[in-house]
Amino acid sequence: MLDTFYQEFGYGYVPQWHRDIVNITGTYLDHPRHLLLVAVHQGEVVATTGVRSGGPAHPPHPLWLAERYSPDTTAQLVRVYVRPEHRRRGLARTLVDAACDVIADTPGYDRVYVHTNVNVDGAEAFWRSLAKEVFDARITGEHGPGVATVHFEIPM
């Protein structure tokens with residue numbers, strides 16, 4: 001996951017945005033409503049998808065957006081990533097579908113939220129094929145230059 005921040009996004013590890021990846025066990029495996037799915041090819045993780053309770057945090061996201069998503073009833077998809085050489089093989093869709101199945105079977109969740117940096121090749125088209133846009137933050141520049149965030153909700 002660190003490779004994503006440095007190589008794909010170009011801005012590196014940001015503790016307030018990425019603290020979950022330094023405590024994968026505590027964040028994803030020890031929490032009964034959280035999940036981390038991985039696809040492995042020849043011993044290497046090539047794709048990931050995580051589920052965490054709660055929606056977008058304020059800051060950096062707008063307050064109205066954070067208030068829209070209750071931390072008790074919202075499942076957030078996070079760390080949806082496929083290494084470039086493994087893209088266009090259905091890995092992201094398979095992992096997202098599996099995560100959404102788990103979310104649907106987890107008591108208390110009634111919404112699925114995700115945001116993405118649409119500067120990543122294929123990200124915007126992928127999410128638009130699965131989800132409904134809630135807010136296009138490119139107009140506000142909420143994360144600063146070079147980060148083109150769009151917020152989505154996936155129907156349950």
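**Figure 1. Phe 126 in helix H6.** Phe 126 is found in helix H6 of this predicted model. Its relative accessibility is 17%. Phe 126 therefore counts as buried, the cut-off being under 20%. Beyond its neighbours within four places in sequence, Phe 126 is in contact with Ala 92, Arg 93 and Val 96. Ala 92 is 34 residues away along the chain, yet the two C-alpha atoms are separated by 8.8 Å.

**Figure 2. The buried side of H6.** Helix H6 spans residues 123-130, and its buried residues are Ala 123, Phe 126, Trp 127 and Leu 130. These residues cover an arc of only 90 degrees around the axis, so they sit on the same side of H6. The spacing fits a general rule: an α-helix has 3.6 residues a turn, so residues three or four places apart point the same way. What do the buried residues of H6 pack against? Their partners are strand E3 (74-82), helix H5 (91-105), strand E4 (111-117) and strand E6 (149-154).

**Figure 3. The six-stranded sheet and its helices.** The sheet is open and has 6 strands. Their order is E1-E2-E3-E4-E6-E5, with mixed pairing. Strand E1 (35-41) and strand E5 (132-136) are the edge strands, each pairing on one side only. On average, neighbouring strands are turned by 20 degrees against each other, direction ignored. Helix H5 packs on the sheet and touches E1, E2, E3, E4 and E6. The direction of H5 makes about 30 degrees with that of E2. Helix H6 packs on the sheet too, touching E3, E4, E5 and E6. The direction of H6 makes about 25 degrees with that of E6.

**Figure 4. The E1-E2 hairpin.** E1 and E2 form a hairpin with 2 residues between them. Gln 42 lies in the turn and has a positive phi of about 50 degrees. The two strands run antiparallel, and 7 bridges join E1 to strand E2 (residues 44-53). Two facing pairs can be picked out. Val 38 stands opposite Thr 48 in E2. Ala 39 stands opposite Ala 47 in E2.

**Figure 5. E2 against E3.** How many of the 10 residues of E2 are buried? The count is 7, and E2 is mostly covered. E2 and E3 pair in the antiparallel sense over 6 bridges. Within this pairing, Val 51 stands opposite Leu 77 in E3.

**Figure 6. The largest nonpolar core, with Leu 77.** This core has 26 residues. Those with the most contacts inside it are Val 51, Leu 77, Val 96, Ile 103, Trp 127 and Ile 154. E1, E2, E3, H5, E4, H6 and E6 each supply at least two of its residues. Which element gives the largest share? Helix H5 does, with 6 residues. Leu 77 shows how the elements meet. Leaving aside neighbours within four places in sequence, Leu 77 is in contact with Thr 49, Gly 50 and Val 51, among others. Its contacts also include Val 96, Ala 99, Cys 100 and Ile 103. Val 112, Tyr 113, Val 114, Trp 127 and Ile 154 are on the list as well. Apart from this core lies another, of 6 residues, among them Leu 65, Tyr 69, Phe 135 and Ala 137.

**Figure 7. Arg 52 and its surroundings.** Arg 52 lies in strand E2. A polar contact of 3.2 Å joins its side chain to that of Asp 20. Residues up to four places away in sequence aside, Arg 52 touches Asp 20, Thr 27, Tyr 28, His 34, Thr 74, Ala 75, Gln 76, Val 78, Arg 79 and Tyr 109. One of these, Thr 27, lies in helix H3 (residues 24-29). Is Thr 27 buried or exposed? At 15% relative accessibility, Thr 27 counts as buried. With residues up to four places away again left out, Thr 27 touches Asp 20, His 34 and Arg 52.

**Figure 8. Ile 139 in the E5-E6 loop.** Ile 139 lies in the loop between E5 and E6. Its relative accessible area is 73%, so Ile 139 is exposed; the cut-off for exposed is over 50%. Ile 139 and Thr 149 are 10 residues apart in sequence. In space, C-alpha to C-alpha, Ile 139 and Thr 149 are 9.4 Å apart.

Methods
Residues numbered from 1 in each chain as written. Predicted model: local features only at pLDDT ≥ 70, side-chain atom pairs only at ≥ 80, totals over all residues. Heavy atoms only, no water. Buried < 20%, exposed > 50% of the residue type's maximum accessible area, 1.4 Å probe, protein only. Helix = DSSP H or I, 4+ residues; strand = E, 2+ residues; numbered from the N terminus. Arc of directions from axis to C-beta. Contact = heavy atoms within 4.5 Å. Pairing = 2+ DSSP bridges. Axes fitted to C-alpha atoms, helices over the stretch in contact; angles between N-to-C directions. Polar contact = N/O pair within 3.5 Å; in protein donor to acceptor, adjacent residues only side chain to side chain. Core = buried A, V, L, I, M, F, W, Y, C linked by side-chain atoms within 4.5 Å.
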